[in-house]
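Subject: Structure handover

Hello,

I am passing on the structure we spoke about, with notes on what turned up in it. Please read the notes with the model open.

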Amino acid sequence: MGKPFLPNVQDIIAAGIDPKTGLPIKFVSGKREETAEDARRMFRIIDEQNAVNSFNWINLPDGLDGKLLERIIYYKGQGALFYWEEKKKFAFLPFTLASGLDEYGRFESIYPIPFMGTLEDKKRILGTSYKVKYAIELNELEAEDIMGSAVILRDYTQQISQTIVPRAVLQEWVINAMGETAAFLRTKLLIGTGINGLKCNGADQVGDVKDLSRGMAEAALSGDPFVGIEGASKLELESLDKSTGSAMRAEDYLIALQSYDNIRLGAYGLDNGGIFEKKAHITNQELAMNGSSVGMVYQDRLANRQEFCDIVNSIWGLNIDCVPSETVIGTDMDQDGYIADDENASVETPKEEEDATTIQS
């Protein structure tokens, strides 16, 4: 039998372990201060998925796909397509100004840079600049013009400046607000379960309260009706819920969260329920107004992409195209019996609609 020894408690605490229970301190505390941040991360992923899957890209050059283009647009706001002669392939990358502005304040030439790159990366990547084309080329171009041209794609119509604010930045406030609202909702629900405060006379009593709280949570989850209480000191009970009659209800937070999400979707021109409206009470006129506003936002994004395709095709003859996502518009555009962005994420058209389509055709 080994010689008994007293462990260094400070080393155990520094390692993140509660010496009393042997459990991680973060778990023992029972707190989740990062609830809002956890929710924000989840909403950020959803937001990116909504943005990236809003359109379908067709006939892109080898090495490029629609999700790659849309990811660059989401995080950088804009990108440029050009032929990378050194690697003998087309590339779509962010860029920085190389030289000059035309009479409309547009970039005359640009330096493509890596997706996560900076201005200092331009010479390492390409070492040359590209002349930007802003209109469909009606005349046949010389070989040097074809190799030295670039076409810019922006997510939405830019303001006066040629720079553009990426969606990842534009949507940040509403994603943060949704994360905070989710945390507020969780707090409200927790308070509604009967959380109370116990006035303690010292740190020892605080520890006893934490143990009691953890024991009650475990008992509730396991179905045990009784919880043993250890300790002789009398603890004074005080309710934590200081809310008055005007305090928000849990459903108020849900309405706020839904409204924030509708604002977020509306920024993409995607269908949503509107701000602070109960769908059961929406009139046909209100639906038409909401749909018109949403449609114009989405149309702006789609028009930018289709104009980009037209210019690219006139220079390189690639025959690329960008069309609305079937999921977004709810229409089986290719008449394959599925409403989907791709064959890996499809929703089969109801049989009744399929039969009707067959009869009509």
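Val165 lies in the loop that runs between strand S7 (149-154) and helix H7 (167-170). This is a predicted model. With a relative accessibility of 36%, Val165 falls in the partly exposed class, because that class takes in what lies between the buried limit of 20% and the exposed limit of 50%. Together with Val169 and Leu170, Val165 makes up a nonpolar surface patch of about 220 Å² of accessible area.

Another loop residue is Cys200, placed between strand S8 (196-199) and H9. Cys200 is also partly exposed, at 28% relative accessibility. Leaving aside residues up to four places away in sequence, Cys200 has contacts with Gln205, Val206 and Val209. Of these, Gln205 and Val209 are among the buried residues of H9, along with Arg214 and Ala219.

H9 itself covers residues 203-222, 20 residues in total, and spans 29 Å from first to last C-alpha, close to the expected 28 Å. Just past the end of H9, Gly223 has a positive phi of about 85°.

Helix H3 (residues 35-52) was checked in the same way. Its 18 residues should span 26 Å at 1.5 Å a residue, and the end C-alpha atoms are 26 Å apart, so the two agree. The buried residues in H3 include the charged-side-chain names Arg40, Arg44, Asp47 and Glu48, as well as Phe43 and Val52.

As for the interior, the largest nonpolar core holds 31 residues, and Trp57, Leu81, Phe92, Phe308 and Trp316 have the most contacts inside it. Several elements each give at least two residues to this core, among them strand S1 (55-58), helix H4 (66-76), S7 and helix H10 (250-268). Helix H11 (284-316) gives the largest share, 8 residues. Taking Leu81 as an example, and again not counting residues up to four places away in sequence, its contacts include Phe92, Val151, Phe308, Val312 and Trp316. There is also a second, separate core of 12 residues, including Trp84, Leu93, Phe95 and Ile110.

Some overall figures to finish. The protein has 13 helices and 12 strands. Of its 361 residues, 34% are buried. Among contacts with a separation of 6 or more, 56% join residues 24 or more positions apart. The accessible surface is about 22900 Å², with 55% of it belonging to carbon and sulfur atoms.

Regards

Conventions: Residues numbered from 1 in each chain as written. Predicted model: local features only at pLDDT ≥ 70, side-chain atom pairs only at ≥ 80, totals over all residues. Heavy atoms only, no water. Patch = residues over 30% accessible without salt bridge, like charges linked within 9 Å, V, L, I, M, F, W, Y side chains within 5 Å. Areas by Shrake-Rupley, 256 points an atom, 1.4 Å probe, with all protein chains shown as cover. Salt bridge = Lys/Arg side-chain N within 4 Å of Asp/Glu carboxyl O. Helix = DSSP H or I, 4+ residues; strand = E, 2+ residues; numbered from the N terminus. Buried < 20%, exposed > 50% of the residue type's maximum accessible area, 1.4 Å probe, protein only. Expected span 1.5 Å × (residues − 1). Contact = heavy atoms within 4.5 Å. Core = buried A, V, L, I, M, F, W, Y, C linked by side-chain atoms within 4.5 Å.
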